[in-house]
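Reader: I'd like a close look at one part of this model, the sheet and whatever sits around it. Could you walk me through it in one go, starting with a single side chain and working outwards?

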Amino acid sequence: MTFNFDKPPDRRGTDSQKWQRYAGRDVLPMWVADMDFQAAPAIIDALQRRVADGIFGYARPVQSTVDAVVAELGTRHRWKIDPSWIVWLPGLVCGLNVSVLAYTLPGDEVLSLSPVYPPFITAPKNSGRVAKSVPLALNAYEPLWDIDWNALESAVTPCTKMLLFCHPHNPVARVWSREELALVADFCARHNLVLVSDEIHCDLLLQPGAVHEPFAIAAPSEVARTVTLMSPSKTYNIPGLGTSFAVIPDSTLRARFAKASAGIVAEVNALGYVACEAAYRDGAQWRDALIAYLRANRDYLAEFFLRELPEIIIEAPVEATYLAWLNIKELSLASPVKHFETHGVGLSDGVPFGARPGSHVRINFGCPRSTLAEALARMKAAVEAR
Ligand SMILES: Cc1ncc(COP(=O)(O)O)c(C=O)c1O
């Protein structure tokens, strides 16, 4: 079966959060992490069958949905989980916030590695904890984002209780290696930290041959301090269906997570379960075709900057995700996002990710090649017009 990722869906005037931001303006939205592609036919078919039932009561996952998750983790990620470890969630940002509530107290410190997806910084703050971000470092010898182990060690105080870890890492798109994960596990063990591993991007690996190691299998000795957050939402482009899950092998951590969620966290909806099952059970062909398309988009983007816009630098290869972190320091723009918007491209500002003002922006390249080409041409015009 072939899939057509080249055909742009017209999302103007729809409920799309991504497109509504620029309603009535000629700005291509390249910000929030959803893709301008229709979902896999297998998901659309399953949803249509479910909608045809016409019954939309409160839902719980049926056995086949649980089986699909267990099979996905077992066969694709070599992680054999017990179904009782799964805690369903309406979103992973919710999972980050609940984790902070469940395992830390007001005033405790929560670490993350920056730049990072902004909710890693806001989740601790939302409940009166202290967010401490330790900057990632560019490797001195090769284009690679590294964990600065000395800085991470120095950041720990007696109040540090948790590490929020992004794997693969949004926005620098690193796929952490087994060796690095083992060091992270050792760090958490030595400082007695709960490790929350957000693996929402785990299927979107763009380097040929790259393998996702779930934190919990890379560091089996630390599984009792680990909460893994996962979802089909990014890979299968169904984030609006709000279906995610935590995998928490340790029963005490699971009970604390449930207690912190009680009365606050909404149920997952019936359509979300259906989409999740269809994605994992029947979506592999579409997913593989998508990844090939995204890989070509990534290469197109990288070559464009090298050839046409050398003032904008991708400091290290985009190993995963459909997001690229762009160094724009050389442009010396006071308000980079505004400047690019004025020239018709909507990017994410780097500041909420922990970057210095004017230093970085993030671009979402999960779109048809024609949209990407147009956005890049507009960026070039924006740079020339500064
Ligand atoms: C690392 C990471 N976690 C969580 C999310 C959002 O998850 P959700 O929409 O399920 O809350 C994103 C979205 O971009 C993300 O990049």
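Author: Let's start with E109, which counts as buried because its relative accessibility is 12%, under the 20% cut-off. Keep in mind that this is a predicted model. E109 lies in strand β3, and its side chain makes a polar contact of 3.1 Å with the side chain of T160. Setting aside residues up to four places away in sequence, E109 also touches V130, K132, A155, T157, C159, K161 and M162, along with T160 itself.

Now zoom out to the sheet that β3 belongs to. This is an open sheet of 7 strands with mixed pairing, and the order is β2-β10-β9-β8-β7-β3-β4. The edges are taken by β2 (86-89) and β4 (130-135); each has a single partner strand, so one side of each has no neighbour in the sheet. From one strand to the next, the twist averages 25°. As a bit of background, strands in a sheet pair through backbone hydrogen bonds, in either a parallel or an antiparallel way. At the β2 edge, the partner is β10 (residues 244-247), running antiparallel to β2 and joined to it by 4 bridges. One residue pair to look for there is I86, whose bridge partner in β10 is V247.

Helices pack against this sheet too. Helix α7 (residues 178-190) touches β3 (109-114), β7 (160-166) and β8 (194-198), and its direction makes about 165° with that of β7. Over at β2, β9 (226-230) and β10, helix α9 (residues 251-261) lies across the strands, running at about 20° to β2.

The loop between β7 and α7 deserves a slow look. P168 is in this loop, and the peptide bond leading to P168 from H167 is cis, with omega near 0°. P171 is in the loop between β7 and α7 as well, and the bond from N170 to P171 is also cis, with omega near 20°. Then there's A173, found in that loop, with a positive phi of about 65° even though A173 is not a glycine. For context, most residues other than glycine have a negative phi, and most peptide bonds are trans. A173 is buried, with a relative accessible area of 0%. You can set R78 beside it: R78 is another non-glycine residue with a positive phi, near 55°, but R78 sits in the loop between α3 (63-76) and β2. At a relative accessible area of 42%, R78 is partly exposed.

The ligand brings several of these pieces together. Among the residues around the ligand are N170, C166, D198 and S244, together with A33, G91, Y117, I200 and H201. L92, V93 and K234 surround the ligand too. For L92, a polar backbone atom is 2.7 Å from an oxygen atom of the ligand. V93 has a backbone N or O atom 2.9 Å from a ligand oxygen. With K234, by contrast, the side chain is involved, and one of its N or O atoms lies 3.0 Å from an oxygen atom of the ligand.

Last stop, the nonpolar core. The largest one has 73 residues, and I43, I312 and M379 have the most contacts inside it. Leaving out neighbours within four places in sequence, I312 is in contact with M379, F305, L326, N327, I328, L331, F340 and V383.

Conventions: Residues numbered from 1 in each chain as written. Predicted model: local features only at pLDDT ≥ 70, side-chain atom pairs only at ≥ 80, totals over all residues. Heavy atoms only, no water. Pairing = 2+ DSSP bridges. Helix = DSSP H or I, 4+ residues; strand = E, 2+ residues; numbered from the N terminus. Axes fitted to C-alpha atoms, helices over the stretch in contact; angles between N-to-C directions. Contact = heavy atoms within 4.5 Å. Core = buried A, V, L, I, M, F, W, Y, C linked by side-chain atoms within 4.5 Å. Buried < 20%, exposed > 50% of the residue type's maximum accessible area, 1.4 Å probe, protein only. Near = heavy atom within 4 Å. Polar contact = N/O pair within 3.5 Å; in protein donor to acceptor, adjacent residues only side chain to side chain.
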